[in-house]
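Hi everyone, thanks for making time. I'd like to walk you through one chain and the ligand that goes with it, so have the viewer open while I talk.

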Amino acid sequence: MGNYDALLLLSFGGPEGPDDVMPFLENVVRGRGVPRERLLEVAEHYQSFGGVSPINGQNRDLIEALRPELDVPIYWGNRNWHPFGEDTVRRMKADGVRKAAVFATSAFAGYSSCRQYYEDIARISVEGGPELVKMRHFGDHPGFVAAMADHTRQALDRLGRDDARLVFTAHSIPVSMAETAGPSGGLYEAQLRRSAELVSRALGRDQPWELVWQSRSGPPQVPWLEPDVLDHLRKTSAPAVVLVPIGFVSDHMEVVFDLDVEARQLAAELGLPLERAATAGTHPAFVRMVGELMAEPEPVPCALTCCPAPVRRQA
Ligand SMILES: CC1=C(CCC(=O)O)c2cc3nc(cc4[nH]c(cc5[nH]c(cc1n2)c(C)c5CCC(=O)O)c(CCC(=O)O)c4C)C(CCC(=O)O)=C3C
Ligand SMILES: [Fe+2]
């Protein structure tokens, strides 16, 4: 596995029960100016799933799927909930790990999707502990593309109609954050469009596809990327739709709530046939990709000037 003697799966974290929901959410939005009403609304999404985020089980499943692929120990740490990255890195140090590849559960450029994971790495690194090397963006990796293409094909088959439009979705972000993503701006959206095109081509389709946004947060006066997936569905002229959550690597709460609950209900009201493609999850091509990334030459870290943090607001 290249030069690494361990893998650190670095993720977002999520609540494991009803009492975890508010403390988790407060960790996520500390200093980020997310209105209280939005927080309570998202808390309800989690509570409607028993206060348990699907992300933790998905990370555990990914680790189990990775074990036979990798010849090094696998560790798991999060930004916002247990197991916290800080605690994991202390354990790695005690175990004598020298240099670990860091696989962040996010494929694309941008502050939330990339820079914030570098910030996590800086915060959790300890003197005498392992060197932590973040793997590169992987939205265009053939393993990720193959996994998404397979899952999209399965959704098209479930829908049983070939005239369905592929509607790719990703987490909306503030327009200002999108404009400063990557060394010359716009890289979050550009990479998402590239991945969508690769998935569409892998399916041998030449029909047009769409990229729309979901899960908008933040104060209403701040512009975020649009159109929102729900507005798009209300206006579409497509006879049927397959939603492809290309911006997520597993079926996060945003996917199971904003798409499987909200978008599905809206489509039913509109009489629009709709299916949702599974995310990469533990697809074998995606699992293999992690080992392939570790075997690549050590990635050059992103420049410190790209994907800057948004200006912090009072909570
Ligand atoms: C681009 C992006 C990704 C993809 C990249 C990646 O995967 O990292 C992502 C992932 C995730 N976001 C998640 C959860 C939340 N994100 C929030 C808020 C926000 N997300 C943002 C962006 C992103 N977020 C932004 C700009 C905010 C505004 C506040 C801020 O500037 O930070 C909030 C606050 C409430 C609200 O939604 O308003 C929650 C609860 C979970 C866990 C899900 C689960 O439990 O399954 C995951 C994986
Ligand atoms: Fe988020």
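Before I count anything: by helices I mean DSSP runs of H or I with at least four residues, by strands E runs of at least two, and both are numbered from the N terminus. Please keep in mind that this is a predicted model. With that settled, the chain's secondary structure adds up to 11 helices and eight strands. For 315 residues the globule rule gives 20 Å, and the radius of gyration here is 19 Å, close to that value, so the chain is as compact as a globular protein of that length. If you like box dimensions, the C-alpha trace covers about 60 × 45 × 40 Å along its principal axes. Buried residues account for 44% of the 315. And if you take contacts between residues at least 6 apart in sequence, 82% of them join residues at least 24 apart.

Now the domains. There are two: domain 1 runs over 6-137 + 282-295, and domain 2 over 142-276. Their centres, taken over C-alpha atoms, sit 23 Å apart. Domain 1 puts 27 residues into the contact and domain 2 puts in 25. Which elements give two or more residues to the domain 1 side? Those are helix 2 (36-47), helix 3 (54-66), helix 5 (111-124) and helix 11 (284-295). Helix 11 supplies the largest share of that side, with five residues. By class, the domain 1 side has 12 nonpolar, 12 polar and three charged residues.

Let's go inside. The largest nonpolar core has 75 residues, and L7, A100, V102 and V244 touch the most other members. Helix 6 (residues 142-159) gives the largest share of this core, seven residues. Both domain 1 and domain 2 contribute residues to the core, so it lies between them. To see one of these residues up close, click on L7: leaving out anything up to four places away in sequence, L7 touches L70, V72, I74, Y75, A100, A101, F103 and M294. There is also a second, separate core of eight residues, with V42, Y46, W81 and F257 among them.

While we're on helix 6, have a look at F144, which lies in that helix. Is F144 buried or exposed? The cut-off for buried is 20 or more other C-beta atoms within 10 Å; F144 has 23, so F144 is buried. Leaving out close sequence neighbours, up to four places away, F144 touches A107, F138, G139, A280, F286 and M289. The last of those makes a nice long-range pair: F144 and M289 are 145 residues apart along the chain, yet 7.2 Å separate their C-alpha atoms.

Finally, the part I suspect you've been waiting for, ligand 1. There are 27 residues around ligand 1, and G14, S53, S217, H252 and M253 come nearest. The elements that give two or more residues to this shell are helix 1 (21-29), helix 2, helix 3, helix 5 and helix 10 (253-270). How do the shell residues divide by class? The split is 11 nonpolar, 13 polar and three charged. And why does the shell lie between the two domains? Because domain 1 and domain 2 both give residues to the shell around ligand 1.

That's my tour; happy to go back to any view you'd like.

Definitions and conventions: Residues numbered from 1 in each chain as written. Chains lettered and ligands numbered in written order. Predicted model: local features only at pLDDT ≥ 70, side-chain atom pairs only at ≥ 80, totals over all residues. Rg over C-alpha atoms; globule rule 2.2 N^0.38 Å. Buried ≥ 20, exposed ≤ 12 C-beta atoms within 10 Å, placed from the backbone. Contact = placed C-beta atoms within 7 Å. Core = buried A, V, L, I, M, F, W, Y, C linked by C-beta atoms within 7 Å. Domains from an automatic or database assignment. Nonpolar A, V, L, I, M, F, W, Y, C, P; charged D, E, K, R; others polar. Near = placed C-beta within 6 Å.
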